[in-house]
Amino acid sequence: MPQNWSMNGANLDDLVDLLGRWASGRGPLYLLLTARLRALIDDGVLAPDVRLPPDRVLARRLAVGRGTVVAAYDLLQQEARVVRRQGSGTRVAALDLPATRTADGVVANPLLMHILHPPDGVQLLTCAAPDEPPAAMFEAYEEAGARLAGVRDLGYQPAGNADLRAALAAYYTGRGVPTAPEEIMVTTGGQQALTLLTGLLVSPGDTVLTEAPTYPGALEVFRHAASVIRPMRVDEAGHAMREHPARVHVDEAGHAIRERPALTYLVPTARNPDGAVMGNQARRRLAALAAEHDVPLIDDEVCAELCFSGETPPPLAAFGAARGEQVITVGSMSKLVWGGLRVGWIRAAAPLISRLARLRAVHDLGGEVFSQLAAAALLRRLDVIRPARVRVLRERHDHLCAELRARLPSWSFEPALGGQTLWVRLPHGDVDSFSQVALRHGVAVPPGRSFDPLGGFTDYMRLHYLFPEEELSQAVNNLAAAWAAYDGAARTVSRHTLIV
């Protein structure tokens, strides 16, 4: 293949210039190349339908093995960013993706576009967080203000405010997990907790195991770390079964690299997106596996207090030998109280908390103290806040289920056991194309592929039940009208979906 290969008018040297110092980071070369090509595609620098160089041509120009380019193209194809066809080569997928690079050079997550640029006149079934601050929150802030009056303190607390750390330690001790304040770190929401843990525990090229479907915000964090995400399924007995066989990669020297997970991520209680609740037998089994294989296991409990039974299952750290460094618990106030209350936390072994605090100090010196004091006050009101919140969610859940059964009987779903969302399946077609029709009918829905690291579940969508009942009825009416208009034909896929 000649060296003057061109991609719609740009030559190979232009692409190499765009790639820049792509190989200067840490980790396998194919992941570093993937990350740079992904950024160029997401920014719109490599436009839809642009033809990328053949494997051998680009490999020779970058002075790497052909396998590096093949692996990078394969990952981009799994992410639906490129299309590879026999005879026509590799082309950038025809996706409607705006340039969203931020000032610091980081590509904004396209799933956040509805937060960054909220559309007018559209019901957002994409954003699953409460939008009505309860009266208890304002009372908690008044209490926090009284506690701060007269205090002389710089307010730089990378591990978190001492009052909130003590309150959270007491909270977990009360749930059967003896905890000291030194085993708690306060973060700016659960999302920062996942970001800090991933930054500390995961290196480029490491394998991360997740359930499928699972919380897409976590998947984006793991992708940003240039990890290899592998889905798994957990049965009722707690046996983890890989949906896709383990792969053996070959490095530039021809050595086989056997995958071993650097991290496992689970949402066992009121899981986002389907509201499932894992039984205690499965929890015990998974905690034992984490201890046996010495693999860190994140237990995401952000929605754990929202179980419809009224009882909060024990965290994974409550089981046996898992109380060591292997099981890490993440929580947040954003789903229980209000999305704008950006207070989350990590419960883990004290040495790990100390390392996380040092990492946190580099980023922002610590969180905002006033909100942390309010969160401590809210924890003391938990027995009042939780039942009221769960009651409203259960009523709205039941209303949404009834409306879907009445207006869209061909759609299928299992009622949730907790949380804020239903996992709904279409009888035919795919949600990517249906979501475009739904948007034209005034409602935005998130496609199921966003909840799977390999882009599966294309016939599923997640619907939340956070709106008042009359608004949920309107949303279902709009969805029914959109479904009536939907013909199942392929349409342009959009990444303009927000999922939180």
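Q: Let's start with a strand pair. Which residue is the bridge partner of tryptophan 423 in S20?

A: First, a word on what you are looking at: this is a predicted model. Now the general idea: strands of a sheet pair through backbone hydrogen bonds, either parallel or antiparallel. Here, the partner of tryptophan 423 in S20 is arginine 462. That bridge belongs to the pairing of strand S18 (residues 421-425) with S20, which is antiparallel and counts 5 bridges.

Q: What is the order of the strands in the open sheet that holds S17, S18 and S20?

A: Read it as S17-S18-S20, with antiparallel pairing. Strand S17 (412-413) and strand S20 (460-464) each have a single partner strand, so each has one side without a neighbour in the sheet. Then look for the helix: H13 lies across S17, S18 and S20, and runs at about 15° to S18.

Q: Histidine 399: which helix is it in, and is it buried or exposed?

A: You'll find histidine 399 in helix H13 (residues 382-407). To read burial, remember that buried means under 20% relative accessible area. Histidine 399 comes out at 19%, so it counts as buried. Leaving aside residues up to four places away in sequence, histidine 399 touches Glu469, Leu472 and Ser473.

Q: Back to sheets. Which strands are at the edges of the sheet with S3, S5 and S4?

A: This one is an open sheet of 3 strands, ordered S3-S5-S4 and paired antiparallel. Strand S3 (51-52) and strand S4 (82-85) are the edge strands, each pairing on one side only. S4 and strand S5 (residues 89-92) run antiparallel and are joined by 4 bridges, and arginine 84 stands opposite threonine 90 in S5. Helix H4 (residues 66-78) packs on this sheet and touches S3, S4 and S5, with its direction at about 115° to that of S4.

Q: Now strand S8. How many of its residues are buried?

A: Here's the general idea: in a regular strand the side chains alternate between the two faces of the sheet. So you check both sides. In S8 (residues 207-211), 5 of the 5 residues are buried, so the strand is largely enclosed by the rest of the structure. On one side sit Thr207, Leu209 and Glu211, on the other Val208 and Thr210, and both faces are covered.

Q: Which strands does S8 pair with?

A: S8 pairs in the parallel sense with strand S9 (residues 228-234), over 5 bridges. Valine 208 stands opposite isoleucine 229 in S9. To get from S8 to S9, the chain passes through helix H9 (residues 216-224), a β-α-β crossover that is right-handed. S8 also pairs with strand S13 (residues 261-266), again parallel, over 4 bridges. There, leucine 263 is the bridge partner of valine 208.

Q: What is unusual about the backbone, for instance between alanine 212 and proline 213?

A: Most residues other than glycine have a negative phi, and most peptide bonds are trans. The bond from alanine 212 to proline 213 is cis, with omega near 5°, and proline 213 lies in the loop between S8 and H9. For phi, look at alanine 226, which has a positive value near 60°. Alanine 226 is in the loop between H9 and S9 and is buried, at 13% relative accessible area. Phenylalanine 457 also has a positive phi, about 55°. That residue sits in the loop between strand S19 (443-444) and S20, and counts as partly exposed at 25% relative accessibility.

Q: How many salt bridges does the structure hold?

A: There are 21. One of them brings together the side chains of arginine 380 and glutamate 143, at 2.5 Å from N to O. The two are 237 residues apart, with arginine 380 in helix H12 (residues 369-380) and glutamate 143 in helix H6 (residues 135-148).

Q: Which residues meet arginine 271 in salt bridges?

A: Glutamate 211 is one, with 3.0 Å from N to O. That pair is 60 residues apart: arginine 271 is in the loop between S13 and helix H10 (280-293), and glutamate 211 is in strand S8. Arginine 271 counts as buried at 14% relative accessibility, and glutamate 211 counts as buried at 5%. Arginine 271 also meets aspartate 274, at 2.5 Å, and aspartate 274 is buried too.

Notes. Residues are numbered from 1 along each chain as its sequence is written. This is a predicted model: local features need pLDDT of at least 70, side-chain atom pairs count only at pLDDT 80 or more; totals for chains, interfaces and linings use all residues. Side-chain values use heavy atoms; hydrogens and water are left out. Buried means under 20% relative accessible area, exposed over 50%, partly exposed in between (1.4 Å probe, protein chains only). Two strands pair if DSSP finds at least two bridges between them. A crossover is right-handed if, with the strands pointing away from the viewer, the path from the first strand over the helix to the second runs clockwise. Contact means heavy atoms within 4.5 Å. Axes are lines fitted to C-alpha atoms, for helices over the stretch in contact, and angles run from 0 to 180 degrees between N-to-C directions. A salt bridge is a side-chain nitrogen of Lys or Arg within 4 Å of a carboxyl oxygen of Asp or Glu.
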